[in-house]
Amino acid sequence: MVQLYANERIDQLYADDIKIIQSKEVFSFSLDAVLLANFPRIPKKGRIVDLCAGNGAVGLFISRKTNAEIIQIELQERLADMAQRSIQLNDLANQMKIYTADLKDSLAFVAPDSVDLLVCNPPYFPHQPQSVKNPNPYLAIARHEIHTNLEEIVAMSSKLLKTNGRLALVHRPDRFLTILDAMRRQRLVPKCVQFVYPKKGKDANILLIEAIKDGKEEGFKVNPPLFTYDEDQAYTPEIRQMLYGN
């Protein structure tokens, strides 16, 4: 049995038969994590790293699609502990490990040039001292670039990835150009992008992007748009498939 603490619960992603420990006090996974886990081509073996892992959602969701080793790095001790217990809950200790560490120290746990796929659901908002942040410190750190930033994440990803290894990010569309610039400065060639829309007629609110380390310049692809809700405010078939497997 895995211990649950006060105000924790066990949720389930039915599509991948994954149980995950969550708490409204600290952090709960969102659709962003599900989208990221379903966006890149997942290697069947090798090594996958999940930076800014939070409560482990992305790595947990990916685990059912591969036999690869999955290493997660999370700064916040309480979130990393939740992730560790979710790993135990799903009997994934032989495949997954999580380290409580600043991503700047990732090379202490993962050898350089050794990763086949790196995924990251990072803080979205640039850190500006005068900006209003969530009063919950767990959420503030998860959403704002307080302890890391886009440039740092991309630079570390490049160090960890093999040549032709791939980085997949979920982010905000308004930072698309900044992401492209950061990737190209770090030997990461953008190869595929997909925009996610709340529903038809609305602006995109989620960006998925994949890059290849030292990849060729040719072959950039824009995937078809993905819509979250239909006209009746129900999940579209594509999103239902990711969440429920039907």
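This is a short tour of a few helices, loops and charged pairs to select in your viewer. Keep in mind along the way that the model is predicted.

**Stop 1: helix H5**

Start by selecting residues 150-160, which make up helix H5. Is H5 enclosed by the rest of the structure or not? Eight of its eleven residues are buried, so H5 is largely enclosed by the rest of the structure. To see them, colour Leu 150, Ile 153, Val 154, Ala 155, Met 156, Ser 157, Ser 158 and Leu 160.

Now bring in the surroundings. The elements that cover these buried residues include strand E3 (47-51), E6, strand E7 (161-171), H6, strand E8 (188-197) and E9. Before leaving, look at the N-terminal end of H5, which is capped by Asn 149. A side-chain oxygen of Asn 149 sits 3.2 Å from the backbone nitrogen of Glu 151.

**Stop 2: where H5 meets H6**

Next, add residues 176-185, helix H6. Two packed helices are described by the angle between their axes and the distance between the axes. Here H5 and H6 pack at about 35°, and their axes are 9 Å apart. The crossing of H5 past H6 is right-handed.

Which residues make the contact? On the H5 side, show Leu 150, Glu 151 and Val 154; on the H6 side, show Thr 178, Ile 179, Ala 182, Met 183 and Arg 185. Sorted by class, this contact has five nonpolar, one polar and two charged residues. Leu 150 and Val 154 also belong to the buried set of H5, and Glu 151 is the residue whose backbone nitrogen faces the Asn 149 cap.

**Stop 3: salt bridges**

Side chains of opposite charge can pair when their charged atoms come close. How many salt bridges does the structure hold? There are 15, and three of them make good stops.

- Select Arg 166 and Glu 210, whose closest N and O atoms are 2.6 Å apart. Arg 166 is in strand E7 and Glu 210 in strand E9, so this salt bridge ties together parts that are 44 residues apart in sequence. Both Arg 166 and Glu 210 are buried. Strands E7 and E9 are also among the elements covering the buried residues of H5.
- Select Glu 69 and Arg 47, a salt bridge with its closest N and O atoms 2.9 Å apart. This pair links distant parts of the chain, with Glu 69 in strand E4 (residues 69-74) and Arg 47 in strand E3, 22 residues apart. Glu 69 is partly exposed, at 27% relative accessible area.
- Select Asp 81 and Arg 85, joined by a salt bridge of 3.0 Å, N to O. They are four residues apart in helix H3 (residues 77-89), which means about one helical turn separates them. Asp 81 is partly exposed at 31%, whereas Arg 85 is buried at 5%. Add Glu 8 to the selection as well: Glu 8, Asp 81 and Arg 85 are linked in a network of salt bridges.

**Stop 4: two loops with a positive phi**

Most residues other than glycine have a negative phi, and most peptide bonds are trans. Finish with two aspartates that have a positive phi.

First select Asp 113, in the loop between strand E5 (96-100) and strand E6 (115-120). Its phi is near 55°. With 48% relative accessibility, Asp 113 is partly exposed.

Then go to Asp 214, in the loop between strand E9 (206-213) and strand E10 (221-222). Asp 214 has a phi of about 55°, and at 33% relative accessibility it counts as partly exposed.

Key. Residues numbered from 1 in each chain as written. Predicted model: local features only at pLDDT ≥ 70, side-chain atom pairs only at ≥ 80, totals over all residues. Heavy atoms only, no water. Axes fitted to C-alpha atoms, helices over the stretch in contact; angles between N-to-C directions. Left-handed = near helix turned anticlockwise from the far one by under 90°. Contact = heavy atoms within 4.5 Å. Nonpolar A, V, L, I, M, F, W, Y, C, P; charged D, E, K, R; others polar. Buried < 20%, exposed > 50% of the residue type's maximum accessible area, 1.4 Å probe, protein only. Polar contact = N/O pair within 3.5 Å; in protein donor to acceptor, adjacent residues only side chain to side chain. Salt bridge = Lys/Arg side-chain N within 4 Å of Asp/Glu carboxyl O.
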